[in-house]
Amino acid sequence: MTDLLHHVRTWIRLPSRRHMTVFFSLGAAGQVEAGLAVLTTIALVRMVGAEEAGEVFFAQSLGNLWFLLWDPRLGDTAQRFVPLQSRTEGGPGSWLFFWLLRLDAGIGITTAVTGTGLVLLAHHVDWVDDKKALLLVLVLMGCGVTVSRGTAVAGFALSERLRLLGAVRMVAAGLSFVATMTALFMGGLIAYLVVAAVAGLATTIMLVAMAARSIVLAFGRPSTECSRPPQGLIRFACTTSAATSVALASDSGVLALAGLLGAPTLVTFLKIAGTPARMVRSCFSTVAAQLYPRLANAVVSNDSAGAQRDLLRATALLSVIGLGMVAMVLPVADVLLTLVYGPAYVTLAPTLVILLAAACVRETVVWSKVFPLAVGVPGVRFAVVVAEGILIAAMLVVATRLGAHAEECALIFAWGSLAVAIAYGTTWLSLMRPLFQRFASTAA
């Protein structure tokens, strides 16, 4: 009975005021970014129609997939190894962060240049027409200037300045939205993509500069002595990068595959119906952003009880929040679609609600993004997300084969996504105990 009461108190205990402040800051930033992305989608669909907007979304999904393929996701690596390096050697922790930041930027530039070269080659041999080639090049430039943000964000987390990060993200998102919408209404799609790339570059420069200053204040100036990455970093980075890339490819990959299997209209329908789900993922991901540095420090200090409390609390709170979101959207989904996109899209209401439910179920175990990394077993996450990605792709293939039209394909895919989300959440809950056993051995 005592153990039961202890677990109940663990589940219902509320986070501290400081943690809630950080959560609301990052959550507000995520919702502002997601909301402005929704407004951008609405503007594109209403201005150019579902067909042409689908071409833009398809190009963006291809660009995102290209960078996901090569992006090393060094921010995750920094959050695990910088505290370890600083604990044992002091100054080299900040040296390691700046080394990872430079490496991230170099890989991003190389990826953008290589992708542009491949697009130009495809255009030269008439595989891609002029319009699509130009769209792809501009999208690649826009993606390339944002690659280093992951490591910059890790700098805010490592220096415990995530609340500041939320405020900066909100301001940057608002300014970028004003600039890109002005370009869209005055100059069309090409001007919109050009300004989006320029605004993205400005935001990245600002985040990198602030993160660098925060790291110096928190860890001191980098050592002038010759240093080298700690043992195991490269292997960890490769496995983590692969797992994160597969996980993040679920959205862009679905849109890209929909464009290949279906038509631009299906891409647009999935983009519209999946908007609330993306907002949920954006909101709940702030929990993972807070948990990662806490879990990494818990491993260093051998605080297994604290880590378990954080995971159980996150699962409980996110379950309640997700259920509330679905309950609120269910009765008004058709009205919202009619008001925002027009009556032609009201048939997407069931698809929207089901995809939202799938996102809420999946994100209740949002700690799965960071807990395996904190205990040093990124391969576990890689295996699970690869299986999830294969199932999601299979669901879309089945949907395009069974659906008679785009709306029906989207609905079938939504039901399949919900089934995959339930399996994903169940898998991670069953893996919690083995991961804590690994936690004990890692801390030791």
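This report describes the fold, core, helices and second largest pocket of a predicted model.

Local features are reported at pLDDT of at least 70 and side-chain atom pairs at pLDDT 80 or more, while totals for chains, interfaces and linings use all residues. Residues are numbered from 1 along each chain as its sequence is written, and side-chain values use heavy atoms, without hydrogens and water.

**Overall architecture**

The chain has 17 helices and zero strands, taken as DSSP runs (H or I, at least four residues, for helices; E, at least two, for strands) and numbered from the N terminus. Of its 444 residues, 50% are buried, where buried means under 20% relative accessible area, exposed over 50%, and partly exposed in between (1.4 Å probe, protein chains only). Among contacts (heavy atoms within 4.5 Å) with a separation of 6 or more, 84% join residues 24 or more positions apart.

**Core and enclosed helices**

A nonpolar core is a set of buried Ala, Val, Leu, Ile, Met, Phe, Trp, Tyr and Cys residues joined through side-chain atoms within 4.5 Å. The largest one contains 129 residues, and F97, L270 and F371 have the most contacts inside it. Leaving aside residues up to four places away in sequence, F371 touches L295, L311, L435, F436 and F439.

L270 is also one of the buried residues of α10. Eight of the ten residues of this helix (residues 264–273) are buried, so α10 is largely enclosed by the rest of the structure. Helix α6 (residues 149–158) is likewise largely enclosed, because seven of its ten residues are buried; these are T151, A152, A154, G155, F156, A157 and L158.

**Positive phi in two loops**

Most residues other than glycine have a negative phi. Two non-glycine residues with a positive phi are set out below.

| Residue | Phi | Loop | Relative accessibility |
|---|---|---|---|
| D126 | about 65° | between α4 (92–124) and α5 (130–144) | 67%, exposed |
| E160 | about 60° | between α6 and α7 (162–187) | 66%, exposed |

**The second largest pocket**

A pocket is an open set of points on a 1 Å grid over the protein atoms alone, where a 1.4 Å probe fits, with protein on both sides within 12 Å along at least five of seven lines; lining residues have an atom within 4 Å of a point. The volume of the second largest pocket, the space filled by probe spheres set on the points, is about 350 Å³. It is lined by 17 residues, of which T275, P276, M279, V329 and L336 are the closest to its centre. Helices α2 (17–70), α11 (275–301), α12 (304–329), α13 (333–340) and α14 (349–363) each supply at least two lining residues.
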